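Subject: Structure for your inspection

Dear colleague,

I am handing over the structure below, and my notes on what was found in it follow directly after. Please read them with the model open beside you.

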Amino acid sequence: MFYREAGDFKTSYVEDSQTFPIRLDRRGYYAIIFIAFAVIPFLINDYWANAVFVPFLIYSIAAIGLNILTGYAGQVSLGTGGFMAVGAFACYKLMTAFPEINIIFHILISGGITAAVGMAFGLPSLRIKGFYLAVATLAAQFFLVWLFNKVPWFYNYSASGQISAPERTVFGIAVTGPHTAAWAKYMISLVFVFVLAWVARNLTRGTVGRKWMAIRDMDIAAEIIGVNPLPAKLSAFAVSSFFVGIAGALFFAVYLGAAEVGEAFGPQKSFLVLFMIIIGGLGSIFGSFAGAAFMVLLPVLLKNVLVGGLGWPTDLAAQFEIMLVGALIIIFLIAEPHGIAQLWRITKEKLRLWPFPH
Amino acid sequence: MSSLTHKQEIPEGGYRTPDGRIIGGVLMDLKHITLRFGGVVAIKDISFDIREGEIRAIIGPNGAGKSSMLNVISGFYVPQEGEIWFRGQKRPPLKPYQVARQGVARTFQNIALFKGMTTLDNIMTGRVTKMKSNMLEQAIWWGKAEREESEHREKVEEIIDFLEIQAIRKTPVGRLPYGLQKRVELGRALAAEPDLLLLDEPMAGMNVEEKEDMSRFILDVNDEYGTTIALIEHDMGVVMDLSDRVVVMDYGKKIGDGTPDEVRNNQAVIDAYLGVVHE
């Protein structure tokens, strides 16, 4: 009844192409931003930060990154874990080599390094498509993990082969290291998510985004109307890897604090992020958030209900979770290939007519 | 229209059509094009030209090599022999996107729209060759990228008005009926403001009403924007009514070239279409 565009007239093309054309949507978005920045930091504790908010925010960045590549540009990638590892190790090397430079720059440069690596591994996409490209990126995943295990320079010759983040501060407040407050971890992740989601939205609504989608939907027609496939595909790999690299840097430096490459950035991470965008919705920024939230919250919820509520043994609950995720992916692929984002869109369409659908 | 133009001089290589339009000089000249796929000769030593402002039809029975010819022009195939001259210059072998940047746009026989995108986005994509803001400007969106988007949106809205598809502006094209999809595809090609527009069977699979609409759009494009059009079509009524000159192909060879009337009375063409007993 309240959710409709009647009376909300657009008088310029700028207004017509804004992100939230319906007034209620816009207000909801501002409310969420306000709560995220001004309310949650004061309420958050260690449990909520480590179990829910920080992983959700960091996985959102990774999911947006992969969604740009797979959902928008149509290039399937199974190398997300490997690219996250590149971001993490780049960040670690930068943090230890240049301790006087601010961590924000380290994280951004890590993204840049990952973008370069991603472009190099994206070169085969000019020749191969679909499953074959997926396998090529899977090779990148295995190669990168192997590389970071094999070459001691990457983990500064530490005996355990682990990397651990030293304490770094932003405006005098620790954001990495063991003494970081929950709200500081949350805030640095949130700022990165906010800026990167905005950048992703801008890129996907302009020419670059249309080039990516054109390549995804019909590459021959795209080329005929003047899209050069080489820069279009490589820019998708670069932007995607930039996002994934920043996610990897944050995941290691802010969330984990210490990481072993095979464990933290193995192939299961690539699949986890891929599941996020499949369940959340391919080709949708909102879907990336929805998928990340779903895959982060589901284990927490199941653990609380099954172990805490019903008293199941932990290992049984863990097995059940794997089965449930598998079943959900199959159900989504069959029933709603466009994921939660599409369900949300359909709900909104219905809401616009409610309560008088005829 | 004719009253305004009848005093103009006819440029070199040009001519005056029966309805009084002035056709200019040669825009594209195809010289001795031969295209082979392994042992199969798809196009055998074909030469013809396309002049500025005319509607040029390519006709012929199935498998005659018409679509291959269009693919040669749009840079999709590189012919083994022959030269393509465009605007008085010999064209080196180019990739399709480079040909597009020279001002050649086309539509496809079986619709090649971007199915996941809206009508508006599809037509906006047609303007990629004209949009200049770089990725950084687009990432920030303030300033140049936003301004450019609005400017091009204005042009695209003109095309949407012209093709009378305002109502489906924000509909994903995958949901549209066939006739409208064809129209959106024409819009996407027009968005590039091409000098030469290639239409591969623009009326295939349409009913009479849709064909009439499409014919009207083709004539209007030619008239209002002065766009040169080369089209392939099987409906002879449409071809003879629309086009200024017709090339007839059969088995990869050119068997006729001239005005619709000349072609209609050409014995080789009649034989190709009606079939003759080969001695």
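A residue is called buried here if 20 or more other C-beta atoms lie within 10 Å of its own, exposed if 12 or fewer, and partly exposed in between. Please keep in mind throughout that this is a predicted model.

By that criterion helix α8 of chain A, residues 207-217, is mostly covered, since 11 of its 11 residues are buried. The buried set takes in charged side chains, including Arg210(A), Lys211(A), Arg216(A) and Asp217(A), alongside others such as Trp212(A), Met213(A) and Ile215(A). The cover comes from both chains: it includes α3 (46-72), α7 (182-205), α9 (219-224) and α10 of chain A, together with α4 (119-125) and α5 (135-140) of chain B.

That leads to the contact between the chains, to which chain A gives 25 residues and chain B gives 33. On the side of chain A that touches chain B, the elements giving two or more residues are α1 (13-16), α7, α8 and α9 of chain A, and the largest share, 7 residues, comes from α8(A). The residues of this side of chain A divide into 13 nonpolar, 8 polar and 4 charged.

Turning to the nonpolar core, the largest one has 172 residues, and those with the most contacts inside it are Ala62(A), Ala88(A), Phe243(A), Leu250(A) and Phe252(A). Helix α10 of chain A (residues 229-256) supplies the largest share of this core, 18 residues. If its neighbours within four places in sequence are left aside, Phe243(A) is in contact with Ile61(A), Ala62(A), Ile64(A), Gly65(A), Ile68(A) and Leu196(A).

In chain B there is an open sheet of 6 strands with mixed pairing, in the order β8-β9-β10-β5-β11-β12. Its edge strands, each of which pairs on one side only, are β8 (104-106) and β12 (253-258) of chain B, and the twist from one strand to the next averages 15 degrees. Strand β11(B) is mostly covered, with 5 of its 6 residues buried. Strands β5 (residues 55-59) and β11 (residues 245-250) of chain B run parallel and are joined by 4 bridges; within this pairing Ala57(B) has Val246(B) as its bridge partner, and Ile59(B) stands opposite Val248(B). Strands β11(B) and β12(B), by contrast, pair in the antiparallel sense over 5 bridges, where Val248(B) has Gly256(B) in β12(B) as its bridge partner. These two strands form a hairpin with 2 residues between them, and Tyr251(B) in the turn has a positive phi of about 50 degrees.

Two helices of chain B lie across strands of this sheet. Helix α2 (residues 66-73) lies across β5, β8, β9, β10 (228-232) and β11 of chain B and runs at about 150 degrees to β9(B), whereas helix α11 (residues 267-274) lies across β11 and β12 of chain B, at about 125 degrees to β12(B).

Finally, two glutamates deserve a look at their backbone. Glu164(B), a residue other than glycine, has a positive phi near 55 degrees; its place is in the loop between α6 (144-162) and α7 (178-191) of chain B, and Glu164(B) is exposed because 11 other C-beta atoms lie within 10 Å. Glu193(B) has a positive phi of about 45 degrees and sits in the loop between α7 and β9 (196-200) of chain B; with 17 other C-beta atoms within 10 Å, Glu193(B) is partly exposed.

With best regards

Key. Residues are numbered from 1 along each chain as its sequence is written. Chains are lettered from A and ligands numbered from 1 in the order in which they are written. This is a predicted model: local features need pLDDT of at least 70, side-chain atom pairs count only at pLDDT 80 or more; totals for chains, interfaces and linings use all residues. A nonpolar core is a set of buried Ala, Val, Leu, Ile, Met, Phe, Trp, Tyr and Cys residues joined through C-beta atoms within 7 Å. Two residues are in contact if their C-beta atoms, placed from the backbone, lie within 7 Å. Two strands pair if DSSP finds at least two bridges between them. Axes are lines fitted to C-alpha atoms, for helices over the stretch in contact, and angles run from 0 to 180 degrees between N-to-C directions.
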